[in-house]
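Please read the following notes alongside the coordinates. They deal with charged side-chain pairs and with one further residue.

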Amino acid sequence: MKTALIEPFFATLKAANPMPNTELEYTTVFELLAAVLLSAQATDVGVNKATRKLFPVAGTPQAILDLGLEGLEGYIKTIGLYRSKARHLMATCRILVEQHGGVVPRTREALEALPGVGRKTANVVLNVAFGQPTMAVDTHIFRVSNRTGLAPGKNPLAVELQLMKRVPPAYAVDSHHWLILLGRYVCQARKPRCWECVVTQYCDYQPKTPAPWQEGSASKVPPPQ
């Protein structure tokens, strides 16, 4: 993607969704951290179903510890890899209580020192909770960045560093939300829905996916206007 197209690319995404946010449900910074930790290789929908029951009962590090490992597993067993995630979350809660007074730290180093919290999770917390212009590169952002030509890279870190260079400062805080939503609902893995994409004119991907009613069948008609 040519540099000159990046600003209108993000301006268009902003116009379509002026105030994007994570689809994970939370009411506190700790709940956000826990939800993101649980969301690895799982859907936000699945995590939300579990945390809607968990957080009203145990929405603080100490309350999670009071549940005990088996108690916590009972709430999150519908989430993939729940046993290892439960152990990580318990260990994280213990560190938060013992070393941080039960408060989620605001630095990358302290966040990444928590069990089960990698660079992506730390980036989400720093961005969503603390408003820092970080870029949490998940599978959707990785795909969109490479497919559109916005920030090509062979691995998530390479894409993250490219995005940090190429995204205009005015869009830096919200950009990862727009890219995630674009990848989740429009620029999908198997077949990008180019005919629904508001930024298709700026994208390097070729050939564009035609609308279903344009795919060579005379019997297919466009939807009513």
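1. Is alanine 211 buried or exposed? In this predicted model, alanine 211 counts as buried, since its relative accessibility is 1%, and the cut-off for that class is under 20% relative accessible area. Alanine 211 is placed in the segment after H10. From threonine 27 it is separated by 184 residues in sequence, and the two C-alpha atoms lie 39 Å apart in space.

2. As for the charged pairs, the count comes to seven salt bridges, and three of the pairs are taken up in the points below, beginning with glutamate 23 and arginine 184, whose closest N and O atoms are 2.4 Å apart. This pair links distant parts of the chain, because glutamate 23 sits in the loop between helix H1 (3-16) and helix H2 (29-38), whereas arginine 184 belongs to helix H10 (residues 175-185), 161 residues apart.

3. Both partners of that salt bridge are partly exposed: glutamate 23 has a relative accessibility of 32%, and arginine 184 has a relative accessible area of 22%. Arginine 184 therefore falls outside the buried class, which ends under 20%. The pair should also be read in a wider setting, in that Glu23, Asp44 and Arg184 are linked in a network of salt bridges.

4. A second salt bridge joins the side chains of glutamate 25 and arginine 52, with an N to O distance of 2.7 Å. Glutamate 25 lies in the loop between H1 and H2 and arginine 52 in helix H3 (residues 44-57), so that the pair ties together parts that are 27 residues apart in sequence. Glutamate 25 itself counts as partly exposed, at 33% relative accessibility.

5. Between glutamate 160 and arginine 119 there is a further salt bridge, in which the side chains meet at 2.8 Å, N to O. Here two helices are involved, with glutamate 160 in helix H9 (residues 156-166) and arginine 119 in helix H7 (residues 119-128), and the pair links distant parts of the chain, 41 residues apart.

6. How do the two partners in that last pair stand with respect to the surface, buried or partly exposed? Glutamate 160 counts as buried, at 6% relative accessibility, while arginine 119, at 34%, counts as partly exposed. The two ends of this salt bridge therefore fall into separate classes, because the buried class is limited to values under 20%.

Key: Residues are numbered from 1 along each chain as its sequence is written. This is a predicted model: local features need pLDDT of at least 70, side-chain atom pairs count only at pLDDT 80 or more; totals for chains, interfaces and linings use all residues. Side-chain values use heavy atoms; hydrogens and water are left out. A salt bridge is a side-chain nitrogen of Lys or Arg within 4 Å of a carboxyl oxygen of Asp or Glu. Helices (H or I, at least four residues) and strands (E, at least two) are DSSP runs, numbered from the N terminus. Buried means under 20% relative accessible area, exposed over 50%, partly exposed in between (1.4 Å probe, protein chains only).
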